Amino acid sequence: MHKKLFIPGPTEVRQDVLEKMATAMIGHRTTDATELQRNISDKLRQLMYTKNEILLSTSSGSGLMEGSVRSCTARRAAVFSIGAFGDRWFKMCEANGVPADKFSSELGQITAPEEVDAALATGKYDVITITHNETATGVANPLAELAAVINKYPDVIWLVDAVSSLGGDKIEVDELGIDICITSSQKCMGLPPGLAFCSVSERAYERTKDVKNRGSYFDIAELYRFIKEKPYQYPSTPSLPHMFALDYQMDRILEEGLDARFERHATMAKRVQDWAKEHFALYSDPNHLSQTVTCITNTKDFDFSEFNGKLGERGFAISNGYGALKGKTFRIAHMGDVTMQDIDELLTVIDDVVKEM
Ligand SMILES: *Cc1c(COP(=O)(O)O)cnc(C)c1O
């Protein structure tokens, strides 16, 4: 039996979107491939509120996280971490020999704009990384407040991990001044895993020229040049099935309406948060809760695997806590194409299962 996914990726994929993955192949050097990638870029620019170029990567989002920090850091990166995924970005720096310092917030808390200001004021950094939506804790960083500080330092390239929020939460890339905004196909975008995409500012591209060893497959400059010069092609063979599905899914997203889509996510988040407060407790800072995933403290101290097993028998799956929070918390994702009705069904089933625990 298929379990309906309320995990923070991969999320449920609609049948019509899945079927687009089975489109007959085309050559990746044809004008049809160029047209496909150009259409995808035009639609993603609307979703990201940007005029910047869009790069695709046949990888999960981690590929572009690694590629962007490596390709844009000429001196030193300030990596701000509010949990597992900020930590991952720092690990990537270390593994690639990219000079970096990590600034960590307490789990469940945001990145404090004053701390960003203090770090950038040292003049040591030419890149900053921010996790928009920390999937491990269900915290959304306040991008507008962070932007106000970061934009005081025009030489610092701003990279944002929006893997678990783009498509479910409004991110106005140009207004905020984000240089590279990254997401994956399998979260709020409601597609199968395997493709990542990002917006890239001209400034970020210019910076790559000062960086010697940018790697190859995830070299942002190389991906950018193929967009500009070919145009709208991909250096190696891309996942065309994902591109067919993404092109189609973007039509659906724009048809739903961006504001309506974000509003749906906000409404689902509120419903899950209210339920969690009534039956359990919210793990994170109540003033900065994520619109796409909720992290709930397991106040009843039940065994999560047994709990999720029972949910599975009824056709639903949620997630354990991540990393240090495993067992102590569990997570419900409300992202992608799930509806309020799906959330209501899930919570009713969870209420029944809780009684059996
Ligand atoms: C899932 C996730 C990632 C990793 O994305 P992949 O597509 O699995 O590589 C990074 N950051 C955040 C915030 C995530 O939720």
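Me: What makes you say that the ligand sits in the largest pocket?
Reply: The ligand sits in the largest pocket because more than half of its atoms lie within 2 Å of the pocket's grid points, which is the rule for sitting in one. A pocket here is an open set of points, on a 1 Å grid over the protein atoms alone, where a 1.4 Å probe fits, with protein on both sides within 12 Å along at least five of seven lines. This is a predicted model, where local features need pLDDT of at least 70, side-chain atom pairs count only at pLDDT 80 or more, and totals for chains, interfaces and linings use all residues. Residues are numbered from 1 along each chain as its sequence is written, and side-chain values use heavy atoms, with hydrogens and water left out.

Me: Which residues surround the ligand, and how do you know?
Reply: There are 14, the closest being Ser60, Ser62, Thr135, Asp161 and Lys187. Each counts because one of its heavy atoms lies within 4 Å of the ligand.

Me: What makes Lys187 a polar contact of the ligand?
Reply: A side-chain N or O atom of Lys187 is 2.7 Å from a ligand oxygen atom, and a polar contact is a pair of N or O atoms within 3.5 Å, so this pair qualifies. Ser184 does likewise through its side chain, at 2.7 Å, while Gly61 uses a backbone N or O atom at 2.9 Å.

Me: Why are S11 and S14 called edge strands?
Reply: In the open antiparallel sheet, the order is S11-S12-S15-S14. S11 (281-282) and S14 (319-320) each have a single partner strand, so one side of each lacks a neighbour in the sheet.

Terms used:
A polar contact is a pair of N or O atoms within 3.5 Å; within protein, one must be able to donate a hydrogen and the other to accept it, and residues adjacent in sequence count only if both atoms are side-chain atoms. On a 1 Å grid over the protein atoms alone, a cavity is a set of points where a 1.4 Å probe fits but cannot get out, and a pocket is an open set with protein on both sides within 12 Å along at least five of seven lines; lining residues have an atom within 4 Å of a point. Two strands pair if DSSP finds at least two bridges between them. Helices (H or I, at least four residues) and strands (E, at least two) are DSSP runs, numbered from the N terminus.
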